[in-house]
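Please open the structure in your viewer and keep the selection panel at hand. The tour proceeds by selections, each followed by what is to be found there.

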2 protein chains.
Amino acid sequence: MTDPDVRASIMRGTYEALCEHGYTELTAQDIADRTDKSKSLLFYHYDSKEDLLADFLEFLFERFDERVAETRDLPPVERLAVFVDWFLYGPEENDRQSFHVAMLELRTQAPYNEAFRKKLRKSDDQLREVLEEILREGLEAGEFSEHDLEETAALLIAAFDGARIRQLTIGRDEYLEQVRAATATWMFDDLLAEGASFPADRDPGTVPDEADTHRRLLVDFDTDEGSESDAERTEGCE
Amino acid sequence: MTDPDVRASIMRGTYEALCEHGYTELTAQDIADRTDKSKSLLFYHYDSKEDLLADFLEFLFERFDERVAETRDLPPVERLAVFVDWFLYGPEENDRQSFHVAMLELRTQAPYNEAFRKKLRKSDDQLREVLEEILREGLEAGEFSEHDLEETAALLIAAFDGARIRQLTIGRDEYLEQVRAATATWMFDDLLAEGASFPADRDPGTVPDEADTHRRLLVDFDTDEGSESDAERTEGCE
């Protein structure tokens, strides 16, 4: 896959098809129907549907990397708050719930699918590295108190992932706010060094009024190249 | 389903078939093949494969209830440690991993399947009630310090579920021990009231040497009625 425009078009079609059909029922034709390409052209670029979806995971990985880069100039306390918002957005953002459900279906196929497993491990590494980087920076800046970076990162990722999964699978929206509040009480309050504080508008224990730019992390297909009509098409995927 | 022996036989067959085939690829014939019943007899008892699997979720729910009842006489600190072991067992128990992967696949179908969603919500309620009961008892006994029971229960369940899911889907066993250790550091150390402590052999931050009776919570089919050969058949499901 060398032509970035072709790839972007297929990635967008994949996103929309996942929203519409979920993962388990998804066919290559569903993806082709949402691009201006034929199904046989998809198989010119990819060996199989699984190969295409593995590249879709890579695509999400790249986009996450870009988003992370955008936060690198923020102070550690603020970066941590942004990280929390990336995961515990909503529940008013549930219009994109169907995409996340599909991604969860895909994740449960990783034990049977080496290509998925490899990409998801890479993504897990990336997530942990980013969070550990934030925690390390905070420690070095004297904003966070001493703690085991790896264990803390593991707990935060597991808790946010678990909350999201229970919200997605059984519609228990309360997990998002309760886990946010409990994380603030049990962890972030203790994490802050003497004299350090979260900016008032970025307290990770409070659901932000306005965090659209952060919430859309994994599903924002409005890239620099994206036209207005592309953006509208993506909006339609609910 | 009125005959408990018939139901037990079908439930065991379902368990074994889930271990062998996962959820996505599972057929009613796979289940029938693991009982002495025909596929048509399964459909005499159940309206559909989904109906049967919903009853399987109910069956797991009942077994969890029995296990919870067995812990009711323990002191709250010990009950909490047992609760942690129920979730963060292993990774040496990975021989039963395939069953838990299948259950995870099933969970991701809940947004599309009302019967599954209903049973999984009931199970979520049960889990939270048990944990809140343990926390409340500890508070009343002066063993735990003041905290928000609901939020703390939500965080613990989300963290344990998230750790297990990352371990199951991408084989990152380290999540189990890291989340166990981080929970002990960030939460349990603060949760203990002045002067209270976990029994030395039941510190929830330490992986227990011997906790088989707890670990097998969801997959122990060696009921009182179970014959030795039944137990052997279950053991074979790895």
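Which pattern does chain A follow when read along the sequence? Select chain A and colour it by secondary structure, bearing in mind that this is a predicted model. The pattern is α-α-α-α-α-α-α-α-α-α-α: chain A has eleven helices and zero strands.

**Chain A by itself**

Keep chain A selected and consider its residues. Of the 238 residues in chain A, 55% are buried, that is, under 20% relative accessible area. Next, display the contacts within chain A. Among those between residues at least 6 apart in sequence, 70% link residues at least 24 apart. Now turn on the surface of chain A. About 10,200 Å² is exposed, and 44% of that area is supplied by carbon and sulfur atoms.

**The two chains together**

Add chain B to the view. In general, a rotation about an axis and a shift along it relate two copies of a chain. Here a turn of 180° with a shift of 0.0 Å along the axis lays chain B on chain A, with an RMSD of 0.0 Å. This is therefore the relation of a two-fold axis. Both copies use the same surface, for 100% of the contact residues of chain B recur in chain A.

**The interface**

Select the residues of each chain that are in contact with the other chain. The selection should hold 49 residues of chain B and 49 residues of chain A. How much area is buried between chain B and chain A? The value is about 4,200 Å², and carbon and sulfur atoms give 58% of it. Show B:R166, B:I170 and B:W186 as sticks: in chain B these residues lose the most area to chain A, together 17% of what that side buries.

**Charged and polar pairs**

Turn next to the charged side chains. Eight salt bridges are counted between chain B and chain A. Select A:R172 and B:D124, whose side chains form a salt bridge with an N to O distance of 3.0 Å. Polar contacts can be displayed as well: 24 residue pairs across the interface of chain B and chain A are in polar contact, both residues being at pLDDT 80 or more.

**The helices at the interface**

Finally, select α6 (97-107), α7 (114-140), α8 (149-170) and α9 (174-191) of chain B. Each of these helices supplies at least two residues of the side of chain B that touches chain A. Which helix gives the most to that side of chain B? The helix to highlight is α8(B), with 16 residues.

Notes. Residues numbered from 1 in each chain as written. Chains lettered and ligands numbered in written order. Heavy atoms only, no water. Helix = DSSP H or I, 4+ residues; strand = E, 2+ residues; numbered from the N terminus. Buried < 20%, exposed > 50% of the residue type's maximum accessible area, 1.4 Å probe, protein only. Contact = heavy atoms within 4.5 Å. Areas by Shrake-Rupley, 256 points an atom, 1.4 Å probe, with all protein chains shown as cover. Least-squares fit on C-alpha atoms with pLDDT ≥ 70 in both. Buried area = accessible area lost by both parts, 1.4 Å probe. Salt bridge = Lys/Arg side-chain N within 4 Å of Asp/Glu carboxyl O. Polar contact = N/O pair within 3.5 Å; in protein donor to acceptor, adjacent residues only side chain to side chain.
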